[in-house]
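Here is a friendly walk through a protein structure. Please keep the 3D view open as you read.

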Amino acid sequence: MDSSASRSRRRGPVILVVALVVIAALVVGGLLWRQRADNGEEEAQALADALPEGDFSSETDTAEHDRILGPLIEATGAAPEVELADAGTADDGLRTATLDWTWTLPDDAGTWEYTTEATLHRGEDGWSADLTPEVFAPDLGDRENLDLKTVDPTLGTVTDRDGKELYGPGEVKVLGLDKTQLEDADPEASARELAGLLDIDEDRFAQSVADYGPDAFVPALTIRVSDEGDYPLDDAADVAGFRAVEKTQPLATERDYAPGVLGALREASAEDVEESDGEIESGDLVASGGIVAAEREALLGTAGAKVIAVDPDAGTERSLHEVAAVDGTEVRTTLDDHLQRLATSAIADEDSASAVVALRPSTGEVLASALGPTDQSYPVGLVGQYAPGSTFKAVTALALLRAGVTPDTTLQCPETATVEGRSFKNADSMSPDLFGSMPLRDAIAHSCNTAMLLEYDTVDQQQLADAATTLGIGQDAPTGLEAFMGSVDPEDEGVEHAAAMMGQGRVLASPLAMAVVLASVQNGATVQPKILADSDSDSDSDSDSDSDSDSNSGTESAAPEVDSPLTEDETAQMQELLRGVVTDGSLRDFADLPGDPVIGKTGTAEWTNEDGELKLHSWVIVAQGDLVIAAFVEDGSYGSTTAGPIAREVLEGA
């Protein structure tokens with residue numbers, strides 16, 4: 001027999017067996033593949049993918065998702081993240097999937113993370129999940145939904161140097177119209193009637209009432225509970241829709257205490273929200289000015305958040321997750337309550353815009369900043385821009401000393417002087433017996449204008465500006481205060497330069513800036529003012545000893561870097577010159593004050609009011625020990641006449 005044919009017959013059964021094995025394997029493999037493809041793993045993943053947004057094919061499931069998660073999604077502004085942690089094992093048509101949830105909470109409140117389980121069933125149409133409430137959150141009741149509540153922090157406080165509260169939570173009443181209570185009354189008529197009773201702008205309030213929705217409460221005026229007797233609330237109660245809402249609101253513990261220094265917090269207006277590019281929301285507190293604006297975050301603290309389960313049918317709620325609020329802190333200032341009240345009292349009777357600033361030379365601490373009339377529109381002591389008059393001669397004197405002039409150098413002091421065709425004169429109060437030649441010390445003591453401006457060739461404008469910088473003019477405002485720290489343009493020439501030598505022309509300063517000038521002389525180094533206390537300052541020392549302490553108190557001077565710092569010789573000469581103003585010049589009324597020697601300078605600057613009338617700014621800066629006082633009256637008389645008594649009253653009572 002052919003051997004090849006024999007081998008062919010033997011392979012036939014083998015091939016048949018192999019074929020049958022392969023076919024069986026394919027059949028079994030196909031069955032196993034079908035079981036794996038239909039075991040619910042894909043449906044478990046699909047469930048995890050659909051849960052964040054509620055993207056279900058069933059309208060019922062979508063509605064349940066929206067009912068349970070909708071309020072929390074709206075409150076957080078984002079859907080949760082859901083991850084399939086474990087698809088589980090299919091067993092007799094059931095599979096339990098494990099889901100990891102992550103919610104990102106608003107206002108940096110972190111995340112809320114938890115795990116739930118969902119049961120999937122295999123039916124005729126494939127696998128489907130039972131969307132019970134517990135799939136969405138652990139232990140969630142049948143009628144409960146998730147929501148978010150803000151946990152408000154306790155407002156911080158602003159205190160004086162000794163911890164006395166100056167600004168913090170206070171009880172107020174918000175007076176306004178509740179449009180739901182107007183019934184058939186005319187909203188505009190009610191708005192105008194209430195505005196008239198509360199003495200606010202009728203047109204503006206009527207427009208606000210018109211702009212608000214039909215269910216809104218429209219605030220008209222917020223008053224302190226302690227001041228409610230000052231308002232006709234009984235009459236207001238008869239206005240249709242009137243309502244008074246009591247609430248706690250941040251405010252100064254006393255009305256008009258250190259205005260411009262403390263600043264204020266108020267509820268954001270619709271305009272604030274609109275102009276904030278989404279950074280401010282309705283109900284937020286916005287800050288205006290001063291310490292409150294600088295330390296807003298520290299005062300407000302950080303809101304917390306509480307995730308709650310709400311049962312609207314039972315009217316109950318329970319906490320599921322809470323992030324505690326971070327309360328506002330105490331912001332301690334350098335203000336001295338005793339000096340602040342003393343300064344405020346000293347200018348209480350002034351009819352013109354006025355200010356008193358008290359400063360500690362050794363540390364730069366602002367001890368007081370008081371304003372005159374309570375209706376003063378802005379804090380002139382801090383942000384006022386005025387010609388400093390003869391108080392600026394302290395700067396001119398330093399520039400002259402640096403140019404080689406000594407306190408004994410003879411200067412000319414004529415009654416009038418002309419520079420480039422412009423005539424200047426001395427104050428009318430200056431005795432004619434003083435006109436003629438005199439040493440620099442007398443020119444400063446008697447405040448001879450012509451002696452200063454006639455030295456305009458001795459000192460150029462750049463040198464004058466450099467001396468001003470040494471004494472603190474032009475530095476940055478202290479943190480926590482909106483302040484103008486003075487300006488001297490180094491480019492001024494001719495008449496403007498000559499006028500600057502006597503503190504007029506284009507030289508400008510605030511009372512705070514001039515207090516810093518004298519504080520720098522008293523300290524022997526450039527003083528940088530500050531209003532926020534810090535751990536290494538002398539803020540806890542006894543304020544009553546300010547006027548009796550040695551000018552070198554041992555505390556570290558707050559001295560910014562300047563190109564030409566004061567030398568010991570310059571300091572001694574400057575203090576000598578300004579002491580002469582007290583012993584022999586226009587501040588002789590201060591010579592009898594007990595304690596450390598007083599140094600200082602008066603100032604008078606001419607200005608023209610809106611009616612074209614010539615008026616006088618009245619200035620005085622004085623220092624005794626570790627205390628400097630600057631007094632200013634916008635519409636006054638000579639420095640020694642108007643500002644002088646104010647400064648003395650504060651210095652005596654310190």
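The paragraphs below go from the nonpolar cores to the aromatic rings.

Keep in mind that this is a predicted model. A good place to begin is the inside. In soluble globular proteins, nonpolar side chains tend to be buried together. Here, the largest nonpolar core has 109 residues. If you would like some landmarks, look for Leu339, Leu440, Phe590, Val622 and Ile629, which have the most contacts inside this core. Helix H18, covering residues 511-523, gives the most to the core, with nine residues. Apart from it lies another core, made of 33 residues, and Tyr114, Ala118, Phe136 and Ala305 are among them.

Let us zoom in on one landmark of the largest core, Leu440. Setting aside neighbours within four places in sequence, Leu440 touches a list of residues including Leu400, Leu401, Val405 and Pro407, and is also in contact with Met452 and Leu577.

Now for the aromatic rings. How many aromatic pairs does a search of the whole structure find? There are five. One pair is formed by Trp101 and Tyr114, whose rings are stacked, 5.6 Å centre to centre with 15 degrees between the planes. Trp101 belongs to strand E2 (residues 94-104) and Tyr114 to strand E3 (residues 111-123), so their pairing ties together parts that are 13 residues apart in sequence. Are these two partners buried or exposed? Trp101 counts as buried because its relative accessibility is 1%, and Tyr114 is buried too, with a relative accessible area of 9%. Trp101 and Tyr114 also join Trp112 and Phe136 in one aromatic cluster.

One more ring is worth a visit. The charged end of Arg243 sits over the ring of Phe217, 5.4 Å from the ring's centre.

Definitions and conventions: Residues numbered from 1 in each chain as written. Predicted model: local features only at pLDDT ≥ 70, side-chain atom pairs only at ≥ 80, totals over all residues. Heavy atoms only, no water. Core = buried A, V, L, I, M, F, W, Y, C linked by side-chain atoms within 4.5 Å. Buried < 20%, exposed > 50% of the residue type's maximum accessible area, 1.4 Å probe, protein only. Helix = DSSP H or I, 4+ residues; strand = E, 2+ residues; numbered from the N terminus. Contact = heavy atoms within 4.5 Å. Phe/Tyr/Trp six-rings, centres within 6.5 Å; stacked < 30°, edge-to-face > 60°. Lys NZ or Arg CZ within 6 Å of the ring centre and 35° of its normal.
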